[in-house]
Each structure stands twice: as structure tokens, then as C-alpha cells.
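User: Hi! I am new to reading protein models and would like to know how the labels are earned. Could you go through a few with me?
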Amino acid sequence: MNRKAARGFIFSVSAYALVHFVTYFYENAALTGMLSVLGVLILVSAFLFLPFKKIQLQLFLVLMALVVLFFTSDSFGADLIHGLQQMRNLIGLLLIVPMISWVLKEEPYIEEIMSFAHNFLNRSQKFYFGLMAMTQVISHFLLFGVVPMMYRFIDTFLKEHKDEAWENFKGTAILRGFGLSTLWVISIPSFIFAVEALEATLWKSMVLGFAFALAGTILSVIFSYYQEKKYGVDFSFVLRQEIDIAMKNSRNPGKWNKDVAEFVFLFVSLFGTIFLVHEITGLEFLLTIPLVILVWTLFYFLIKGRTSSFVVETRYYFSAGIAKQAQQFSILMAAGVLIYALNQSDVGNYVISGMNFLTGIIPVLNILFLVPFIVILLGFIGLGPLPVIVLVTGVLEAIPFPYPPELVVLAVTSGSVISIILSPFVMPVIILSSVNGLSGIRNGLQFNLKFAVAFYIMVQLFIQTVIHL
């Protein structure tokens with residue numbers, strides 16, 4: 001049954017994405033209606049394929065959506081059909097974006113970047129900064145897959161050092177680095193969805209997000225400095241020894257590093273092309289990004305003369321890889337139905353009215369002060385960064401805010417950052433705990449709570465200052 005359900009799920013998701021892309025350029029009522037049928041198949045096959053503990057959230061979201069529609073909808077069937085199409089852009093994006101990771105498997109780009117930057121990485125604070133920066137760069141390609149990949153790379157690099165001090169050093173840098181990437185990385189689905197849903201200007205949101213990602217990285221380095229003092233370990237001495245060993249194993253011993261240059265070109269070519277295509281064609285980013293990634297990945301393997309590798313990766317992805325994302329796809333589909341149900345009802349207005357009531361009692365508060373806490377709360381009940389952003393911005397997009405939309409995006413995504421680094425129930429912390437052997441509570445709350453509080457205060461100081469100017 002599980003194998004048949006997995007095949008049914010892979011077919012449903014693949015067909016859903018294909019029909020989405022086709023109907024964007026060629027409008028057809030029958031094909032558009034087919035999206036809803038495929039949406040039902042995605043949910044049903046996911047329920048048959050996944051163990052019960054991994055479908056409880058989806059069942060809850062679908063049940064809530066049906067209840068809201070039953071009591072508030074004038075056309076239950078039509079609204080349900082539209083709800084199953086709500087996440088069509090994100091389903092297409094989420095199906096294609098993982099293909100970028102195929103490129104990173106072809107050459108030792110990360111190892112060579114570390115070797116090339118050895119002079120910069122010879123002190124613990126510099127290495128910590130570099131590790132966080134590299135995590136954010138690689139997250140463009142791997143999304144939350146960057147967490148286990150970067151951990152395994154650094155753990156191999158520091159294989160003899162596994163006590164709590166070193167696990168804190170490695171784990172916080174990687175987890176905070178990924179969390180901060182959700183503030184500005186264009187290929188992170190939650191970020192680009194928030195920008196599109198709230199009708200913010202992308203480059204302004206990216207610049208603002210990058211500024212706070214950089215500030216958050218510097219803040220994290222400061223925390224790591226005092227943490228090192230607390231543990232009483234000389235990280236710098238050990239790192240210099242390990243870097244010297246890594247230098248001897250580099251395949252580019254000279255000043256010119258071909259792999260680093262190639263990686264920079266790949267990075268610029270991919271994301272430069274995304275912006276160029278958007279400017280020329282006017283296509284929305286949620287459509288531009290997957291289409292560019294698909295063509296860019298194919299060209300990479302063609303130019304490298306490795307079409308056989310592309311065929312192998314494609315065959316695996318469409319036979320087993322997609323099924324590994326069954327929980328994420330099904331949560332997204334279920335969340336889409338609930339968002340549509342909430343938007344056609346007055347629930348969103350009630351939420352905002354409740355927030356306005358609180359801000360009326362405490363005049364110093366405003367909605368942007370409270371929004372991050374909603375995101376954090378949803379993270380602690382098990383919702384990952386993408387469904388959290390989808391649910392919150394899905395409600396907020398219907399509300400006319402008196403603030404610049406870029407500030408609303410920053411408020412929402414800052415809550416996502418804190419949720420990612422604190423909640424032991426979201427995928428990044430779960431994955432990190434599975435590879436470093438520490439509990440989710442320790443990797444999340446214990447290691448990151450003070451940083452999370454400081455980061456929230458830093459972001460809110462900026463937001464509230466801009467609002468009150």
C-alpha cells in the first residue's frame with residue numbers, strides 16, 4: 001500500500017505542478033479545474049502514505065477549513081475548489097527548487113571555499129562569521145537541507161571535537177545562519193511568498209532583510225565570543241590546526257581557485273538571471289524562480305558534459321525524492337484550503353480586531369510588535385517556516401496596513417527566524433538534533449534563547465523607530 005500511495009503522491013504533485021505552469025500561460029477552465037482534483041489526490045495519497053503522527057496537522061488544518069467554510073461560505077463547493085488551488089504557485093516552486101542541490105553534488109565547492117578563505121577563518125570569531133555566512137549562501141541552493149549538509153561538512157572538518165562547547169559552536173552557527181537566510185534569500189519559499197502576498201517591493205525587502213541578517217550574524221558572533229569564554233575552550237588554536245590540514249588536501253593549491261570562481265559564477269548566473277527574466281517578462285517571482293532554476297540546472301549538466309548525472313538525479317527525484325517531501329507538500333495544500341476559507345470569512349478581521357484591542361489597552365504596542373509572536377507560537381505547535389508564513393501572511397494580506405509592506409515582511413520573517421532557532425518541533429532543529437545527538441530543547445531553546453530575545457529587540461527597535469518617525 002505504501003509503495004502505491006507513494007507513487008500516487010509523486011504523480012499527483014508532479015501533475016499538479018505541470019498543470020499549474022501550463023494554465024499560467026494557456027488559460028483553460030477544464031485544466032484549471034483539474035488542479036482541484038489533483039489537490040484532493042495529493043492530500044489523500046499523503047494520508048495513505050505517511051504515518052499517522054505526520055498527518056495529524058494536515059487533518060486538523062483541513063477539518064478547520066471545512067468547518068469555517070460550512071459556517072461562513074455561501075458556496076461551499078466552489079470555495080473548496082478555489083481553496084485547493086490557493087497554493088499552486090508554492091507547489092510549483094517547492095517541486096523545482098530542490099533541483100539546485102544537484103549542482104552542489106558535482107564538485108567540492110564548499111570544501112574549496114573553506115580552503116581558499118583560510119586566512120580569513122583563522123580565528124574562532126572569524127570562522128563563526130564565515131560559517132554563518134556560508135550557511136546563508138548555500139541555503140540559496142539547499143533550503144533547510146543546508147542544516148545537515150553544513151553540519152556534516154563541519155563535523156568532518158572537526159571530527160575529533162564533539163563535546164558540548166564544540167556542538168554549541170557548530171550548531172548555533174548553522175541554525176542561526178539558516179534562520180537568518182529566511183529574511184532575504186530569494187529562493188526560500190517562505191520569504192518570496194511573504195513578499196508577493198503582502199505586495200512588497202522585492203529589492204527593498206531583500207536589502208532590509210540582508211541588513212538584519214548581517215546585523216544578526218554580527219550579534220551572533222558577539223554571543224559566541226562570550227560563550228567561548230564561558231566554556232573556557234580555545235577554539236582558535238584548534239581551528240588553525242584543522243585548517244592547515246585542509247589546505248594540504250585542496251585540489252587547488254595556488255592562489256587561483258577554479259572551484260571557487262566557478263561557484264561565484266554559478267551563484268551570480270542563477271540569481272542574476274532570475275531578476276533579468278522578471279524585469280524583461282514581468283512574470284511574478286513565484287513563477288520566474290522555478291522556470292529559471294529548471295533551465296539553469298539543465299544547462300549546467302549540458303555544459304559540464306554530465307547529462308548522465310542529470311538523468312540519474314531526475315530519475316531518483318521523480319521516483320523517490322518527491323515522496324520524501326510528502327509531509328511538507330500536504331501541509332502546504334491543507335494550509336492553502338484553510339487560508340482561502342479564512343480570507344472569505346471575517347476571521348482575519350477578528351484577529352486584527354483582537355490585536356487592535358491589545359494595542360488599545362497598551363498604547364506602546366502595535367500590530368507589528370505582536371505579529372512575530374503569532375509566528376513563534378505557530379512554530380511551537382509544529383508548523384514549519386513555510387506553512388507558518390503562508391498562514392500568517394495569508395490572513396494579513398487582506399488587511400490594509402498603514403505601514404510600508406516591507407516593514408510587515410520584516411516583522412513576519414523576524415518571527416520566522418526566532419521560531420526556526422528556538423522551536424524543537426520544526427524541521428531545522430529536528431534535523432540538527434538527529435545529526436549531532438543533542439535534544440531539540442538544548443539545540444533550540446537552551447542554546448539560542450538569549451540570542452533570540454536580543455535579535456527580537458534589535459529588529460523591533462528599528463521597526464518601531466521607523467513607524468514613529
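User: Why is histidine 278 called buried?

Analyst: Good place to start, and keep in mind that this is a predicted model. Histidine 278 has a relative accessible area of 18%. Buried means under 20%, so histidine 278 earns the label with its 18%. Histidine 278 sits in helix α14, which covers residues 258–281. Leaving out residues up to four places away in sequence, histidine 278 touches Leu283, Glu284, Phe285 and Thr288.

User: What makes glutamate 262 and lysine 304 a salt bridge?

Analyst: Their closest N and O atoms are 2.9 Å apart. The cut-off is within 4 Å, between a side-chain nitrogen of Lys or Arg and a carboxyl oxygen of Asp or Glu, so this pair passes at 2.9 Å. Glutamate 262 belongs to helix α14 and lysine 304 to helix α15 (residues 285–304), so the pair ties together parts that are 42 residues apart in sequence.

User: How do you know that glutamate 262 also forms a salt bridge with lysine 258?

Analyst: The reasoning is alike: the closest N and O atoms of glutamate 262 and lysine 258 are 3.4 Å apart, and the limit is within 4 Å. Both residues lie in helix α14, four residues apart, about one turn of the helix. Lys258, Glu262 and Lys304 are therefore linked in a network of salt bridges.

User: Why does lysine 258 count as partly exposed, while glutamate 262 is buried?

Analyst: Compare each value with the cut-offs. Lysine 258 has 44% relative accessibility; since partly exposed lies between 20% and 50%, that label fits lysine 258. Glutamate 262 has 17%, and under 20% means buried. Lysine 304, at 24%, is partly exposed too.

User: What separates glutamate 167 and lysine 170 by about one helical turn?

Analyst: They are three residues apart in helix α10 (residues 164–181), and that is why the separation is about one helical turn. Glutamate 167 and lysine 170 form a salt bridge as well, with closest N and O atoms 3.2 Å apart. Both of these residues are buried. In total, the structure holds six salt bridges.

User: Which residues make the contact between helices α19 and α20, and how many are nonpolar, polar or charged?

Analyst: Val371, Ile374, Val375, Leu378 and Gly379 come from α19, and Val388, Val392 and Leu396 from α20. They divide into seven nonpolar, one polar and no charged. Gly counts as polar, so Gly379 is the polar one. The two helices pack at an angle of about 145°, with axes 9 Å apart.

Conventions. Residues numbered from 1 in each chain as written. Predicted model: local features only at pLDDT ≥ 70, side-chain atom pairs only at ≥ 80, totals over all residues. Heavy atoms only, no water. Axes fitted to C-alpha atoms, helices over the stretch in contact; angles between N-to-C directions. Contact = heavy atoms within 4.5 Å. Buried < 20%, exposed > 50% of the residue type's maximum accessible area, 1.4 Å probe, protein only.
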